[in-house]
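New to this one? Take a look at the fold below, and then we'll walk through it together.

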Amino acid sequence: MNIIFLGPPGAGKGTQSKILEERHGLVQISTGDMLRAEVARGSDIGNQAKALMVAGKLVPDALIIAMLKDRIAQPDCQKGFILDGFPRTLAQAEELDTMLAADGKSIDVVLFLDVDEEILADRISGRFTCAKCGQTYNEASNPPAKEGECDACGSHEFKRRADDKRETVVERLKEYRNLTAPILPFYEKTGRLRKVNGMLPAAEVTAEIEAALEDSGAITKK
Ligand code: AP5
């Protein structure tokens, strides 16, 4: 099963991808995480992407498509994957279909997490992650059970993303509106798009996603 999560910054794509990854034995591929790793390594890709990411702009299609193509060719992706943050432009969406078709594969479902813009900035500015294991938290909706301690690994170190400042979020939302939202009709017309209410509490969003996957025939009810 190959899935795409679409939605604006802060919609919950990463949160829900990680849950599906565990439940269904799929591999989560976050192009944002991959780029942040390249930036941290100081690689050529990282150096090309860094300033754009900090400014809230998308990185060039050619760069991200090449990176994604390499990733989905890895053996761990053969049983199925969840794309979190890709595609983000029509050119990326079309190229993805082409590269998968060349391997006899396709995207089964595109899950669109629908969230009103007004709540996204608050969600993003409240986000922080464990510096050791990457577990995601939110000051308002999902704090660690014990303040200052990661639920997953017990670490006391947390970090915030460089592009989660409010002024950068405004730019990221503009990029989403102008370049990413227009690809929704591309998936709608081929019957692959499923809309999910991303404004519900996270556990209820997961339940809606599972229902959408069943409805689309991607999974069968247990
Ligand atoms: P990327 O890392 O993909 O960022 P994004 O799409 O802006 O999405 P986020 O990671 O901010 O949000 P999310 O939807 O995953 O939400 P999350 O689950 O964390 O991309 C970063 C940058 O990389 C881009 O700006 C671009 O420069 C570049 N890039 C990446 N891919 C690219 C591509 N394909 N092409 C070109 N450039 C690319 O949740 C957010 C917060 O809300 C968390 O704190 C969470 O705990 C909380 N939360 C989650 N669900 C709920 C809920 N239901 N209720 C309340 N709170 C919730």
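What follows is a short tour of the sheet, the cores and one helix.

Keep in mind that this is a predicted model. Let's start with the sheet: five strands make an open sheet in the order β2-β3-β1-β4-β8, and the pairing is parallel. At the edges sit β2 (27-30) and β8 (193-197), each pairing on one side only. From one strand to the next, the twist averages 20°. Looking further in, β1 (residues 3-6) and β3 (residues 81-84) pair in the parallel sense over three bridges, and Phe 5 has Asp 84 in β3 as its bridge partner.

Now for the nonpolar cores:

| Core | Number of residues | Residues include |
|---|---|---|
| Largest nonpolar core | 32 residues | Ile 29, Leu 83, Leu 96 and Tyr 187 |
| Second, separate core | 21 residues | Ala 11, Leu 173, Val 205 and Ile 209 |

The four residues listed for the largest core are those with the most contacts inside it. Helix α4 (residues 61-72) gives the most to this core, with six residues. Leaving aside neighbours within four places in sequence, Leu 96 is in contact with residues including Ile 4, Leu 68, Phe 86 and Tyr 187.

Last stop, helix α7 (residues 166-180). At 1.5 Å a residue, its 15 residues should span 21 Å, and the end C-alpha atoms are 20 Å apart, which agrees. The buried residues of α7 include Val 169, Leu 173 and Tyr 176. The buried residues of α7 cover an arc of only 160° around the axis, so they lie on the same side of the helix. What covers them includes β1, β4 (109-114) and α8 (184-188). On the face turned away from that buried side, α7 carries the exposed residues Glu 167 and Asn 178.

Conventions: Residues numbered from 1 in each chain as written. Predicted model: local features only at pLDDT ≥ 70, side-chain atom pairs only at ≥ 80, totals over all residues. Heavy atoms only, no water. Core = buried A, V, L, I, M, F, W, Y, C linked by side-chain atoms within 4.5 Å. Buried < 20%, exposed > 50% of the residue type's maximum accessible area, 1.4 Å probe, protein only. Helix = DSSP H or I, 4+ residues; strand = E, 2+ residues; numbered from the N terminus. Contact = heavy atoms within 4.5 Å. Pairing = 2+ DSSP bridges. Axes fitted to C-alpha atoms, helices over the stretch in contact; angles between N-to-C directions. Expected span 1.5 Å × (residues − 1). Arc of directions from axis to C-beta.
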